[in-house]
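Visitor: I'd like a close look at one part of this chain, please. Could you take me through it slowly, and then show me what surrounds it?

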Amino acid sequence: MFCIERSRAMTVREAYGKLCGNYEDVSYRINEKMLLRLIGMLLKDQNYRDICEALDKSDYETAFRGAHTLKGVALNLSLTSLAEKAGRLTETLRSRQDNGSIKPAFEEFEQAYQDMQAVFLQLLASSGGDA
């Protein structure tokens, strides 16, 4: 869990620091107003839920596509840690068959995704944006 002072707004740089993201890279390519908009879109994205549902149903094709998509989104937003975890999950799902690596890879990905959600929800709330 992340503790943030309520007396001041979190900056995008601080949020990226908490998530082990590369703020310098993303801010070079995307201005902050657009980045906040993209963060809001990421929080509304259905791919994470699709992965969870697909894995519950042993639908490895759908889970692979969702993990691969989120890896790309995370790379484009310079969310390095999330991209690495999504990449590991993608590789465990590449065969589209059950294997012993899926569960630990998903658990790492899930934690990184939930951390991203918590930090970015807090960022948007403190910056007056919405998710």
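Guide: Let's start with Leu124, which sits in helix α7 (helices are DSSP runs of H or I with at least four residues, strands are runs of E with at least two, and both are numbered from the N terminus). Leu124 has 3% relative accessibility, so it counts as buried; buried means under 20% relative accessible area, exposed means over 50%, and partly exposed is in between, with a 1.4 Å probe and protein chains only. Look across from there to Met10: Leu124 and Met10 are 114 residues apart in sequence, yet their C-alpha atoms are 8.6 Å apart in space.

A word on what you're looking at: this is a predicted model, where local features need pLDDT of at least 70 and side-chain atom pairs count only at pLDDT 80 or more, while totals for chains, interfaces and linings use all residues. Residues are numbered from 1 along each chain as its sequence is written, and side-chain values use heavy atoms, with hydrogens and water left out.

Back to the helix itself. α7 covers residues 102-127, 26 residues in total, and reaches 36 Å from its first C-alpha to its last, close to the 38 Å expected at 1.5 Å a residue (the expected span is 1.5 Å times one less than the number of residues). Leu124 has buried company along α7, including Ile102, Phe106, Phe109, Tyr113, Met116, Phe120 and Leu123. The cover over the buried residues of α7 includes α1 (12-18), α3 (32-44), α4 (47-56), α5 (60-76) and α6 (80-93).

Now follow the chain back from α7 to α6. In the loop between these two helices you'll find Ser95, which is partly exposed at a relative accessible area of 43%. Its C-alpha is 8.3 Å from that of Tyr60, with their positions 35 residues apart along the chain.

α6 has 14 residues that should span 20 Å at 1.5 Å a residue, and its end C-alpha atoms are indeed 20 Å apart. The helix is mostly covered, with 10 of its 14 residues buried, and those buried residues pack against α4, α5 and α7. One of them is Thr92, with 14% relative accessibility. Leaving out residues up to four places away in sequence, Thr92 touches Asn99, Ser101, Ile102 and Ala105; contact here means heavy atoms within 4.5 Å. Ile102 and Ala105 are also among the buried residues of α7.

For the α5 side of α6, take Lys71, which is found in helix α5. Lys71 and Ala83 are 12 residues apart along the chain, with 4.8 Å between their C-alpha atoms. Beyond its neighbours within four places in sequence, Lys71 is in contact with Ala83, Ala86, Gly87 and Thr90, and these four appear among the buried residues of α6.

Finally, zoom out. The chain has 7 helices and 0 strands. Its radius of gyration is 15 Å, close to the 14 Å that the globule rule gives for 131 residues, so the chain is as compact as a globular protein of that length (the radius is taken over C-alpha atoms, and the rule is 2.2 Å times the number of residues to the power 0.38). Of the 131 residues, 37% count as buried. And among contacts between residues at least 6 apart in sequence, 64% join residues at least 24 apart.
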